[in-house]
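Biologist: I have the coordinates open. Can we go through the chain contact and some of the helix packing?
Modeller: Go ahead.

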Amino acid sequence: MTAITDIPDAPRAARRPQMGNPVSRWLRSNLFSSIPNGIVTVVLLALLAKGLFSFVQWGIANAVWLTPANDSSACRAVRGVGACWAIIPEKYRFILFGTYPFDEQWRPALSVLLFIALFYLSTRRALWRRELVFLWIGALALISVLMWGGVFGLSFVSQDRWGGLPVTLILATFGLAFGFPLGILVALGRRSKLPAIRSLSVLYVELIRGVPLVSLLFMASVMFPLFMPSGFNIDKLLRAQIAIILFAGAYLAEVIRGGLQAVPRGQYEAADALGLSYWRKHRLIVLPQAIRHVIPPLVNTFIAFFKDTSLVLIIGIFDLLTTAKTAIIDPAWQQFSVEVYIFVAAIYFVFCFAMSRYSRSLEATSAR
Amino acid sequence: MFGTWGRRELQGLFWQVLVVGIALAVVGFLWSNTVTNLSARRITTGFAFLGREAGMPIADSLLAYNPRDSYLWAFVVGVANTLRVAVIGIVLATILGTLIGISRLSANWLLSRLAAVYVETLRDIPLLLQLLFWYVLMQALPAARAAWRPVEGVFLSNRGLILPAIPIGPLQLWVLGTAVLGCALFYLVRRGLVVQQMRDGKPRPAWPFALGLIVVLPAALSLVLRVPWTIEWPELRGFNFVGGLTLAPEYFALLIALVTYTSAFIAEIVRSGIQSVPRGQWDAANALGLRRSFMLRQIILPQALRVIVPPMTSQYLNLTKNSSLAVAIGYQDVVSIANTTLNQTGQAIEAIALIMAVFLTISLSISFFMNWYNARIALAER
């Protein structure tokens, strides 16, 4: 309760005489403004010190950083008291790229860099033009060529051998690239005056949003073969990708619908008055404004997808989390899963944190 | 025939017929393939399999179950397991999330920074990864013999969390039922008191009624019926614990992961809700000389709740849907049981339809309840 009572703190802080050097003044107003506050500070400091101390002991002081290849004896000696970071240099190639042919792993590595460059360029306001669509198509095509190969002297690598970070990025990015147009169509459908189209869109959105992604993925992996004519079979990764696109489409549709609702009626009426057709009205007038409104929630939705792609672990697709989980099946290294999970968590964190920072900076500029 | 119709209506009709036609064609194509494939695999469609013996073990369940029970009962047990983690998870996540959201607004710099780090870290790591992490930590706990005992009677080991329990029989249920009835009666009484206060402006204390209806009445019943309230302390016998309430490691890991992950989102909702109350409201309440607790209860909270409730609903729905990640660590919720059923019987369509039916029912119930609550607290414009 100390917290709420302290919200209107300005009058109280003003009551105190401002004395001493800036440091002690800062300490007094931010950490020791009242007796309960002082107690909270001291207790938190004690807990923090204790936590940091045991983490430093485990993670740095007693940790093993490097071992000879395939030898975990040094790690097993410190088990329980120290971390075994040596598992990371031992396994990172497998965690990052899965079973992709070892000598060809520069290709997925380059693909990851291309993805990062693509994301970075998409955040540049100066590039928010129609040409961005071509940039995406070009980059995704280039990534496909790199990953599959079979042309330009690159050896062919079938997608059963793909794994790790590129797979996570592919699932998330292609999910967005195809889910986005789908979402726009469904959002327009949901606001359409035509009852049949509206009810189909509502049905689609509510069905998908009503069930967990896990069950959609099960459906993709088990029921898809039943749906298709016999003899026709598509790859497991593609099936999961389709499930993620359908899932993304439903969630993006709701975000875009929010943006469409925020466009003032006058804009629609003006477009009608100009005699624009339905599609031209939306393409030229309504959608550009609607999407600009919802860029921050779109980024947040993308963060959510990026994290949700990890669920493909459950149907056995080798994304980053699955390769991490597989890396520690090796009996010699089995006991050091915590270290591997921390490593992978750090990778996910860097991507999501960068995106959420970006979304926050967008909100700040649009609020101005 | 179409004489009175304009070009626009005809166009609309054309698009609708086209889209519905395509949708029907796709569904029909998939359906005919499915029928052919199923008959080729000699799987009969329909829900008759639900009556057959399930034969799958369920390690940890709220309801009594043995593998000779039917698939239908296995499903019911799965639904109960889902609800067990979702309901408790929602309650705990709300409490933890509110505390952290308030901490983020604290004037104490250290507290608000720590809360911010908590929120930022947990939100940016996939839930499934956090779940696996907690599960690994559970498995790394000491064996039952060397269990940690943070408090007397509480054991934490790789068998899970073991707590002392109070056995609940029919007699105890009567007493608890009376207490629930007391709550309902108190709600009505309080409304009456508010109406009276509106009439003459005199405040009437409600707490004597609360004490009487919710505490004294059930306690009296308990004394009259001589209900035994014994505490069952867990004990270590051999390699495992006897007595008490056991939270299996799978359940415990799932609960911790769901609660901590969702609480980070709830904290942000609570924070923005409180921040949405204009400063003038605080100042005005202060200027009126209202007591702190009264001000929070009657002025700040009602306004903050209007902003908080709608996004909170979607967090509750997310938590419930996320509980299906249980399948990754072997806690048998409804999705995991449906998946086993699917593998055993091949009744893919029926199993998935059941999952969808269960989750749609839960989602609709939660949104129905939250919409009702939202309407109750909405701004009454005069």
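**Contact and packing**

Modeller: The contact takes 53 residues from chain B and 50 residues from chain A, two residues being in contact if their C-beta atoms, placed from the backbone, lie within 7 Å. This is a predicted model, where local features need pLDDT of at least 70 and side-chain atom pairs count only at pLDDT 80 or more, while totals for chains, interfaces and linings use all residues. Residues are numbered from 1 along each chain as its sequence is written, and chains are lettered from A and ligands numbered from 1 in the order in which they are written.

Biologist: Which element gives the largest share of the side of chain B that touches chain A?
Modeller: That is α1(B), with 13 residues. Helices (H or I, at least four residues) and strands (E, at least two) are DSSP runs, numbered from the N terminus.

Biologist: And how do the residues on that side of chain B divide?
Modeller: There are 36 nonpolar, 13 polar and four charged. Ala, Val, Leu, Ile, Met, Phe, Trp, Tyr, Cys and Pro count as nonpolar, Asp, Glu, Lys and Arg as charged, and the others, Gly among them, as polar.

Biologist: Within chain B, at what angle do α3(B) and α7(B) cross?
Modeller: Roughly 125°, and their axes come within 9 Å. Axes are lines fitted to C-alpha atoms, for helices over the stretch in contact, and angles run from 0 to 180 degrees between N-to-C directions. α3(B) and α7(B) are therefore oblique (under 35 degrees is roughly parallel, over 145 roughly antiparallel, 65 to 115 roughly perpendicular, the rest oblique).

Biologist: Which residues of α3(B) meet α7(B)?
Modeller: B:Ala115, B:Tyr118, B:Val119, B:Leu122 and B:Arg123. Their partners in α7(B) include B:Tyr261, B:Ala264 and B:Phe265. By class, that contact has eight nonpolar, one polar and two charged residues.

Biologist: Over to chain A. How do α10(A) and α12(A) pack?
Modeller: At an angle of about 115°, with their axes 9 Å apart. That makes α10(A) roughly perpendicular to α12(A).

Biologist: What makes the contact?
Modeller: From α10(A), A:Tyr204, A:Val205, A:Ile208 and A:Arg209; from α12(A), residues including A:Phe247, A:Tyr251 and A:Glu254. By class there are eight nonpolar, no polar and two charged residues.

Biologist: Different topic: how many residues does α15(A) have?
Modeller: α15(A) has 14 residues, 295–308, and reaches 20 Å from its first C-alpha to its last. That is close to the 20 Å expected at 1.5 Å a residue, the expected span being 1.5 Å times one less than the number of residues.

Biologist: Which of its residues are buried?
Modeller: Among them are A:Pro296, A:Leu298, A:Phe302, A:Lys307 and A:Asp308. Buried takes 20 or more other C-beta atoms within 10 Å of the residue's own, exposed 12 or fewer, and partly exposed is in between, with C-beta atoms placed from the backbone.
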